[in-house]
Amino acid sequence: MFHVTERLLLRPAWPEDWAEVLAVVGEEAIVRNLAKVPWPYTGEDARWWTRQPQYQGLPNFIVVESASGRVVGSCGLAPSEGDSEIGYWIARDAWGRGYATEAGRGVLEVARMLGIERVTAGHMTDNPASGRVLRKLGFRPVGSARRYSLARGHKVDSVEYVFDMSEDVSIPRAA
């Protein structure tokens with residue numbers, strides 16, 4: 001499955017993407033904010049990740065900058081306790097350009113097309129930028145939890161969110 005936004009192409013990861021994925025996600029400032037990614041992040045980790053099959057009905061995308069064709073991140077859905085959970089990361093040199101919000105909006109559009117009714121999310125409390133992305137997308141906070149971070153090797157405080165398609169009439173456009 002593919003999806004196009006104003007500035008991005010959302011597409012599946014391909015095995016030949018591994019080196020570019022390693023180059024853009026393989027730094028501690030990014031990995032430490034992801035729950036299921038090890039640190040240090042190695043070429044073998046990137047090779048493994050780009051070869052993973054998609055969850056049935058829950059796409060996970062590589063985020064490609066349309067103008068340059070460069071991989072700038074990932075955004076997608078995964079199963080989580082009976083719901084669909086959105087997750088994302090953006091290359092450090094692409095931070096501050098609104099790519100996480102734009103990719104997240106694209107994933108929510110796909111989720112709606114697939115008939116997904118509820119999407120959850122969470123972010124580590126020491127990563128407030130991710131919370132701003134989720135709120136821009138229309139997610140509403142529903143509490144806190146402790147999430148295990150593979151990179152950190154322990155549980156971390158997180159803020160939990162929900163986006164209910166039946167309550168949210170439209171997916172907000174970039175502000």
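## A tour of the chain, from overview to one helix pair

Start with the whole protein chain in cartoon view: reading along the sequence, you'll meet the pattern β-β-α-α-α-β-β-β-α-β-α-β-β. That comes to five helices and eight strands, where helices (H or I, at least four residues) and strands (E, at least two) are DSSP runs numbered from the N terminus. Keep in mind that this is a predicted model, where local features need pLDDT of at least 70, side-chain atom pairs count only at pLDDT 80 or more, and totals for chains, interfaces and linings use all residues. Residues are numbered from 1 along each chain as its sequence is written, and side-chain values use heavy atoms, leaving out hydrogens and water.

Now show just the C-alpha atoms. They fill a box of roughly 40 × 35 × 30 Å, taken along the principal axes.

Next, select residues 18-25 (helix α1) and residues 43-50 (helix α3): their axes come within 8 Å and cross at roughly 120°. Axes here are lines fitted to C-alpha atoms, for helices over the stretch in contact, with angles running from 0 to 180 degrees between N-to-C directions.

Turn on side chains for the contact (heavy atoms within 4.5 Å). On α1, pick W18, V21 and L22; on α3, pick G43, A46, R47, W49 and T50. What classes of residue make up the contact of α1 with α3? Five are nonpolar, two polar and one charged, counting Ala, Val, Leu, Ile, Met, Phe, Trp, Tyr, Cys and Pro as nonpolar, Asp, Glu, Lys and Arg as charged, and the others, Gly among them, as polar.

Finally, zoom back out to the protein chain and show contacts with a separation of 6 or more: residues 24 or more positions apart account for 63% of them.
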